[in-house]
Amino acid sequence: MDNNAQDPMVPQLYEVTRTIRETHDSFSLHLKSKGDSDIPEFGPGQFNMLYAFGVGEVPISISGRAEKSGNLIHTIRNVGSVTSALNDLKKGHTLGLRGPFGTSWPIEACKKQDVVIIAGGIGLAPLRPAIYALLKQRDQFGEIAILYGVRQPKDLLFTKEFETWRGKYGIQVKVTVDSADREWKGNVGVVTTLIPRVSFDPTHTVAMICGPEIMMKFSILALKQSGMSEKNIFITMERNMKCAVGFCGHCQFGPAFICKDGPVFAYNKIKPFFETRDL
Amino acid sequence: MDKPSVIDKEDLNKLIAKLNQQGYKTIGPTIRGEAIVYDRISSIEDLPEGWTDEQGPGHYRIKKRNDKALFGFNVSPHSWKQFLHPPEKKLWTAEKNGSSFKIIPEELENPKFAFIGVRSCELHAIAIQDKVFIQGPHIDSVYQINRKDLFTVAVNCGQAGGTCFCVSMQTGPKVNSEFDLALTEVLEKDKHYFVVETGSDRAQSIIENLDLRTAENQELKIAEEIIDNTAQNMGRFLDTEGIKETLFENLEHPRWEEVANRCLSCANCTMACPTCFCSTVEDVTDITGDHAERWQKWDSCFTMDFTYIHGGHVRNSTKSQYRQWMTHKLASWIDQFDSSGCVGCGRCITWCPVGIDLTEEVAAIRKSDKTKIDNI
């Protein structure tokens, strides 16, 4: 059937070209298409459905493009049966991929503005392509601040890149952890405590937040207290997802389907639903 | 289209035969296990002649009528969605080959369905699922092929069912959306005939072949009266005025807790609903582990697993599940697909084992609308 070529439920095959252990529970896979098709263009914040043979499929945000090969990078936390099967893949193995799906971070809207990026835990991965999109045309933006909170120092992702972001591009990168032993010389406390410590003009700032809902809730509150308007705050939502194309109904969040209307939302568009428990 | 024609009861067989001749698989109402269900039919002998259904909250029985009506009942427990959006379907097969594998998509076949006896509310339900599966940016290929050549022989309802409220939803009882043929069944002393309207060119060519006579004005009038009478006898009412805003503004209404005390979260309403479209997927492998399949199956927002993400279930109470179902059906559906998700067929009321009636639930929320009360 010709139809199957475009059937959105049928994955394309990708080869693992590199595996990277990022932290004690997170890893990255570099992926190259095994078919004739080129690696799809994607927007920062978009995600793919990754299929581990015989186990299942999960939505994973694209965390970047490999520098030389342009291969797709996904950074994954090993928390369930599918992510565990993906964790077991080695260089040369095959997986299924459908995508990219969903909305992107508003890079255009950041032009001539300051940018505040707030990430919690694995939430830095979906923001990483946005960071690189900003770096690519650094002079288009004002101050850029990245505030990153994790539970413990061992959860920190992409730490090697922080120095380049700071040194070469003049970005304010602040890190905090919820708890740490004496070895840790950095900040301890929730990520919102970093907000007063970076410089940005709240009336001319776009904020992008990705992390647990509770963390996003308090980050929004703190940004609003600093003087930011809700329409300039963007967050990314996570829900159970089976199809990623609006058929399965699982990812509904009020009137939105996270898969196609999200995962990136302007906060003012979903505010009443974000504030309702168990929605 | 031309003026409506008249087809005698016996001549309906010619219509079914003609459809079969043209390669259509004819599906219609028939009796199975004390219910009127939709299944393969090949002649009017298969139709539930002289039977009706008695429906109420949590109640369904078939009963003998005192006439020989072929369509003298309301709606079947299961809707037509079982054919267009099947409860289970294999999406694809994967075969392992060393460290790699290949994916073999399913071969799809056009079933060429002709649905006989589709009610107006059900035509609306099909149009609503069309928006979900074939009118968005992505196409569900199974639904698309099942829907492709669908021929609909609609029936205007000759009586209001015990749980119907199509008048409130503006979806019936008279067929008012896309159809091929629409019948109104008329039983008079010694006459039994159907007034036939044609809604498409392909239907027109079939009708021309059947050599029917044109309906007389008197016959048209009788048919209209039958439908008007059905509309006037609709026992249930749902006030749809500003319903989206009302429900969105009452997400914390105490009624959700109250209904949750009665709701068994059994998911019957979502299975019986002709527009509910949610599905899940299941991955299966054989014992060697080299052969895998991915299946799509109907799912329900009343199950715990529906909202599972790492860390827990988002909707982990019956309250939040019922609220999701009803606000989706009646409110967020409007944002998503530009129409209500409810067609007023009443199945969710009939097939709720504890007889929860969404028209009553809406009325209860309106009665103590949080936003209105604050203003008093």
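The lining of the second largest pocket divides by class into 14 nonpolar, seven polar and eleven charged residues. Here Ala, Val, Leu, Ile, Met, Phe, Trp, Tyr, Cys and Pro count as nonpolar, Asp, Glu, Lys and Arg as charged, and the others, Gly among them, as polar. The model is predicted: local features need pLDDT of at least 70, side-chain atom pairs count only at pLDDT 80 or more, and totals for chains, interfaces and linings use all residues. Residues are numbered from 1 along each chain as its sequence is written, chains are lettered from A and ligands numbered from 1 in the order in which they are written, and side-chain values use heavy atoms, with hydrogens and water left out.

**Pocket and cavities**

The second largest pocket holds about 1100 Å³ of space. Its lining has 32 residues, and A:R65, A:E67, A:R128, A:Y132 and A:E161 lie nearest the centre. In chain A, β1 (12–21), β2 (26–33), β4 (56–65), β5 (72–77), α3 (124–136) and α4 (159–167) each give two or more residues to this lining. The most come from α3(A), with six residues. Helices (H or I, at least four residues) and strands (E, at least two) are DSSP runs, numbered from the N terminus.

The search works on a 1 Å grid over the protein atoms alone. A pocket is an open set of points with protein on both sides within 12 Å along at least five of seven lines; a cavity is a set where a 1.4 Å probe fits but cannot get out; lining residues have an atom within 4 Å of a point. Grid points are joined across faces, edges and corners, and a volume is the space filled by probe spheres set on the points.

Over the whole structure, nine cavities of 30 Å³ or more are found. The largest cavity has a volume of about 160 Å³. Its lining has 16 residues, with B:C263, B:C269, B:Y322, B:C352 and B:I356 nearest the centre. Two elements of chain B, α10 (268–272) and α11, give two or more residues to it. By class, the lining of the largest cavity has 14 nonpolar, two polar and no charged residues.

**Interface of chains A and B**

Chain B brings 56 residues to the contact and chain A brings 44, with contact meaning heavy atoms within 4.5 Å. The two chains bury about 4100 Å² between them, 59% of it on carbon and sulfur atoms. Buried area is the accessible area (1.4 Å probe) that two parts lose on being put together, summed over both.

The rule finds 18 residue pairs in polar contact across the interface, both residues at pLDDT 80 or more. A polar contact is a pair of N or O atoms within 3.5 Å; within protein, one must be able to donate a hydrogen and the other to accept it, and residues adjacent in sequence count only if both atoms are side-chain atoms. On the side of chain B that touches chain A, α11(B) gives the largest share, eight residues. By class, that side has 21 nonpolar, 20 polar and 15 charged residues.

**Salt bridges**

A salt bridge is a side-chain nitrogen of Lys or Arg within 4 Å of a carboxyl oxygen of Asp or Glu. There are 39 over all chains. One salt bridge crosses the interface of chain B and chain A. Two examples follow.

| Acid | Base | N to O distance |
|---|---|---|
| A:E57 | B:R294 | 2.7 Å |
| A:E213 | A:R239 | 2.7 Å |

A:E213 and A:R239 link distant parts of the chain, 26 residues apart. A:E213 is in helix α5 (residues 213–225) of chain A, and A:R239 is in the loop between β12 (233–236) and β13 (252–253) of chain A.

**Backbone**

Most residues other than glycine have a negative phi, and most peptide bonds are trans. The bond from A:G99 to A:P100 is cis, with omega near 0°. A:P100 sits in strand β6 (residues 94–101) of chain A. The bond from A:G262 to A:P263 is also cis, with omega near 5°. B:E34, not a glycine, has a positive phi of about 60°.
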